[in-house]
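Reader: I have a structure open and want to go through its packing and charged pairs. Can we take it piece by piece?
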Amino acid sequence: MMGMAALSLTVGGCHKEEKAKGPQTPTVEVTTVVQKDVPLYNEWVGALDGSINAVIRPQVTGYLISQNYREGEQVKKGRILFEIDPRTFQAALNQAKAQLSQQKARHDTSKANLARVKPLAEKNAVSQKDLDDAVGSELSARASVEAAQAALDEAQLNLGFTKISSPVDGIAGIAKTQLGNLVSPSMQEELTSVSTVDPIKVYINISEQEYLETVASGNKADQMSLQLVLANGSVYPHEGRFALADRQIDPTTGTLKVGALFPNKESLLRPGQYGRIRAMTEVKKGALLIPQRSVTEMQGKYLVAVVGADNKVDVRPVQVGERIGGDWLIEKGLQPGEQVVAEGTQKVRPNMTVVAKPYLPSSSSPAPAEKR
């Protein structure tokens, strides 16, 4: 009998202990719905290119004897980059000079002969044929002088073309030929390229819809301040401006090619890089922001758990707008100052009582809002 009594007491004690524990009130982390003015941005992927890309090719045929620049360095307009063996062209120039001197001597002789024949013809001392021959000889000699002068100018130009210079200020690329190679204007590959990178161009493709919206809004695209986000996520410290647009919408992609210019005095930006262009299109007044982690998507609907003053949970559908860094802009469904669950949304149910404590997000700088 004593054993039964002891067992009865033990079982009764266990039931009392389980009843005392009961269901635990979940603890969640909450944050306040923030209201503030938020700038909204459009963003596009851009490809960088030189504002001028000069392709350097030979204009005469000859053997390359020197390269006078370091690949990848800044060069000034007129800087000699390559030299072609000039000896053949110097000889041609000397020959052209001699030919010009010879033609000038012949012209002088014909002029002197005409000067003697003219007075005699006026006195009928010589025939009209003699006068005509003298005039024709002088004209022919003068034309020969002009032809010889043109040949001399061409020879001078060809000799000058043996020194291949940069037509622009910019960064000279890697040489695509070797010293000692025979180069000519008909060669398929260029010698090198020189790109002007200050300012540098960034090309983007905007949709036809974006183009029409910009025109309809009356915004002047060339007055928009542009940000350039580089491949490592950093924001380029100088702002840019839209500078040009293609003449037509690409029928295959439905996009318009647009170019922006960014200052680049330090030559940090190079042709061939990629980045993201941001343009602020509007400022959303009195926007409501909550962390993205507070929003749950379920069957195409967006839900937020709101904790009231009585610590009870109200699960509401909301209409979301743009993402802003780690936050989400809420169009409808919330009021400024309300408390929403940011951590522990999976624990809560409608009308559930919770223990709320402040949500402490990890420190990170907010990103601009991108329009959806």
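Reader: Which residues does Leu81 touch, not counting residues up to four places away in sequence?
Author: This is a predicted model. In it, Leu81 touches Ile56, then Ser66, Gln67, Asn68 and Tyr69, then Val75. Further along the chain, Leu81 also touches Ile164, Ser165, Ser166, Thr192 and Val194.

Reader: And which residues have the most contacts inside the largest nonpolar core?
Author: Tyr69, Leu81, Phe82 and Val194. That core has 25 residues.

Reader: Which elements give two or more residues to this core?
Author: Strands or helices with that contribution are β2 (34-56), β5 (80-84), α2 (87-122) and α3 (128-160). The largest share, five residues, comes from α3.

Reader: What lies apart from it?
Author: Another core, of 21 residues. Among them are Leu48, Ile200, Leu269 and Ile277.

Reader: Switching to charges. How many salt bridges does the structure hold?
Author: The count is 17.

Reader: Take Asp85. Which side chain does it meet in a salt bridge?
Author: The side chain of Arg87, at 2.8 Å, N to O.

Reader: Is Asp85 buried or exposed? And what about Arg87, buried or exposed?
Author: Asp85 is buried, with a relative accessible area of 18%. Arg87 counts as exposed, at 63% relative accessibility.

Reader: Which residue forms a salt bridge with Lys111?
Author: Asp108 does, and the closest N and O atoms are 4.0 Å apart.

Reader: Where do Lys111 and Asp108 lie?
Author: Both are in helix α2, three residues apart, which is about one turn of the helix. Lys111 is partly exposed, with a relative accessible area of 39%. Asp108 is partly exposed too, with a value of 44%.

Reader: Now Glu331. What does it form a salt bridge with?
Author: With Lys284; the closest N and O atoms of that pair are 3.6 Å apart.

Reader: Which parts does that pair tie together?
Author: Glu331 lies in strand β17 (residues 327-332) and Lys284 in strand β13 (residues 274-291), so the salt bridge ties together parts that are 47 residues apart in sequence.

Reader: What is the relative accessibility of Glu331, and of Lys284?
Author: Glu331 is at 34% and counts as partly exposed. Lys284 is at 26% and counts as partly exposed.

Reader: Last one. Which residues do salt bridges that share partners join into one network?
Author: Glu43, Arg276 and Arg278.

Conventions
Residues are numbered from 1 along each chain as its sequence is written. This is a predicted model: local features need pLDDT of at least 70, side-chain atom pairs count only at pLDDT 80 or more; totals for chains, interfaces and linings use all residues. Side-chain values use heavy atoms; hydrogens and water are left out. A nonpolar core is a set of buried Ala, Val, Leu, Ile, Met, Phe, Trp, Tyr and Cys residues joined through side-chain atoms within 4.5 Å. Buried means under 20% relative accessible area, exposed over 50%, partly exposed in between (1.4 Å probe, protein chains only). Helices (H or I, at least four residues) and strands (E, at least two) are DSSP runs, numbered from the N terminus. Contact means heavy atoms within 4.5 Å.
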